[in-house]
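Welcome, and thanks for taking a look at this one with us. Below is a short tour of a few places worth visiting on screen.

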Amino acid sequence: MSVYPRVASFKSFQAFTDYLKEIGVDLPCDESVASGDESPLGRSMDVDGVNVGNRFCILPMEGWDGTNDGAPTDLTVRRWRNFGISGAKWIWGGEAVAVRHDGRANPNQLLMTEANLSAIEGLRNELMSAHEERFGRTDDLYVGLQLTHSGRWAKPNEKATAEPRTAQRNPALDPRVKVTDDSAIISDDDLRRLIDDFIAAAVRAEKAGYRFVDVKHCHGYLGHELLSGVDRKGDFGGSFENRTRFVRDIVAGINAAAPSLKIGVRLSIYDFMPHHPGEDRVGEPVPGADPRLVWGADPSGMGIDLDEPSKFLSLLESIGVKMVCTTAGSPYSTPHIQRPAYFPPSDGYLPPEDPLVGVARQLRATAELRRSHPGMTFVGSGYTYLQDWLPNVAQAVVRAGWVDSIGLGRMVLSYPELPADVIAGVKQQRKKVCRTFSECTTAPRNGMISGCFPLDPFYKAMPERKLVQALT
């Protein structure tokens, strides 16, 4: 088993960049990070006619702490207030909000129903209030809501019981969610009803004051799986035109029903064949995996081919979608691709490559797509594993035009103030820097709430902390 050096061990810029050269990773990295008016990360930008105050964005994460009815709790509110004090001026969707019950990834995921409308509006209000209290203005703060259906990975009623709605059969993934026949495949008629549910949820989001919605197409959930539905029959499978009908119809419906609402898409721009623990728990491809069913992969299923993802972005541009948030892979089947980490979650596997290789892969693929689609605004992902060197790389890739905005997910669970500290030139609080312990994933995979149990004192004091430690 390969053992990779931890990012925290690189105490100097020279040590970090020398290691990148040693492993052949070409990743821009600035030796010093500017602050204040000189900060490239602190500069505002125009996003489809909207002024966004800086280059940091909070990525949507899946919540496990709502009520059974899909309303937020005090824990949800705390997280959103932390998003507000982060200093980031772009909130990409807040968190994944299901458009109907059978699309919930867990029984405590938020649900965008009429009954929950005022409570979900309240989350936005709490975020805005926290931001204004700390920074004195919100006119340059851009807040949206991510809309989702979890498809294959739905668990709407019991935390341990999968109730998948799949786009097609997949021999490498079906056993994981106990699919043994075609009954789990969502029908074309139900997809048409689901399109209406997305539109209705978007109208509610507009009523709640959100300025855009994200129509989620990533991480193996339904929108993403439909993109690779080459074996699916009917109007939503087979050809590229059919595989993109879902997003086209949703966007058209939102434009008609909520014309003032902007639309973005969070997209897994590539994936690899599903992995599982192999020898010594190191990840390896699942035997029998079919590379044809992997979106954005080359014929081997273990390399990138951005031809269809680029074609998809051209389609989005043609229907008026100007914002894309790039990510990769799936937290269930390819977590080392999706969110590079040194420590795997309890149901995961040890990284089959240095996680820095995975970070660079995401950043370079995003840069390639941005060069091909200059009319779109790109938010990138995959930065948290850079840890102490995140600001240095983030500044460098923004300066180099690789990406427009730096998306942060796990990092803001442990260190919500990072964007504000970087832009202000405040020395990084190393004790808060996410070290990718993956306990924020291990906890919900074992039926608990999600939070940063190792580094956030609030969660560290919870009784769940010891339960999570026993699982890692």
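## A well-covered helix

In this predicted model, the buried residues of H11 are Leu390, Pro391, Asn392, Val393, Ala394, Gln395, Ala396, Val397 and Val398. Helix H11 spans residues 390-399 and is mostly covered, with 9 of its 10 residues buried.

What does the covering? The elements over the buried residues of H11 include four helices and a strand: helix H1 (13-22), helix H10 (355-372), helix H12 (411-414), helix H13 (418-424) and strand E13 (405-408). If you follow the chain just past H11, you will meet Gly401, which takes a positive phi of about 75°.

## The nonpolar cores

The largest nonpolar core holds 107 residues, and Phe312 and Ile406 are those with the most contacts inside it. H4 supplies the largest share of this core, 8 residues. Another core lies apart from it and has 13 residues, including Met45, Cys57, Trp90 and Tyr142.

Ile406 is a good residue to centre the view on. Leaving aside residues up to four places away in sequence, Ile406 touches Leu41, Arg55, Phe56, Cys57, Gly380, Tyr383, Ala394, Val397 and Val398. Ala394, Val397 and Val398 also appear among the buried residues of H11.

## How H4 meets H7

Next, turn to helix H4 (residues 188-207) and helix H7 (residues 245-257), which pack with their axes 9 Å apart and at an angle of about 40°. That angle is over 35 degrees and below the 65 to 115 range of roughly perpendicular pairs, so H4 and H7 are oblique to each other. The crossing in which H4 passes H7 is right-handed.

On the H4 side, the contact is made by Leu191, Leu194, Ile195, Phe198, Ile199, Ala202, Val203 and Glu206, while H7 brings Phe246, Asp249, Ile250, Gly253, Ile254 and Ala257. Sorted by class, the contact of H4 with H7 has 11 nonpolar, 1 polar and 2 charged residues.

## A buried loop residue

Is Met462, which sits in the loop between helix H15 (457-460) and helix H16 (464-471), buried or exposed? Its relative accessible area is 17%, and the cut-off for buried is under 20%, so Met462 counts as buried.

Not counting residues up to four places away in sequence, Met462 touches Leu75, Ile449 and Phe453. For a sense of distance, the C-alpha atoms of Met462 and Ser260 are separated by 43 Å, and the two residues are 202 residues apart along the chain.

Definitions and conventions: Residues are numbered from 1 along each chain as its sequence is written. This is a predicted model: local features need pLDDT of at least 70, side-chain atom pairs count only at pLDDT 80 or more; totals for chains, interfaces and linings use all residues. Side-chain values use heavy atoms; hydrogens and water are left out. Axes are lines fitted to C-alpha atoms, for helices over the stretch in contact, and angles run from 0 to 180 degrees between N-to-C directions. Helices (H or I, at least four residues) and strands (E, at least two) are DSSP runs, numbered from the N terminus. Angles under 35 degrees count as roughly parallel, over 145 as roughly antiparallel, 65 to 115 as roughly perpendicular and the rest as oblique. A crossing is left-handed if the near helix is turned anticlockwise from the far one by less than a right angle, and right-handed if clockwise. Contact means heavy atoms within 4.5 Å. Ala, Val, Leu, Ile, Met, Phe, Trp, Tyr, Cys and Pro count as nonpolar, Asp, Glu, Lys and Arg as charged, and the others, Gly among them, as polar. A nonpolar core is a set of buried Ala, Val, Leu, Ile, Met, Phe, Trp, Tyr and Cys residues joined through side-chain atoms within 4.5 Å. Buried means under 20% relative accessible area, exposed over 50%, partly exposed in between (1.4 Å probe, protein chains only).
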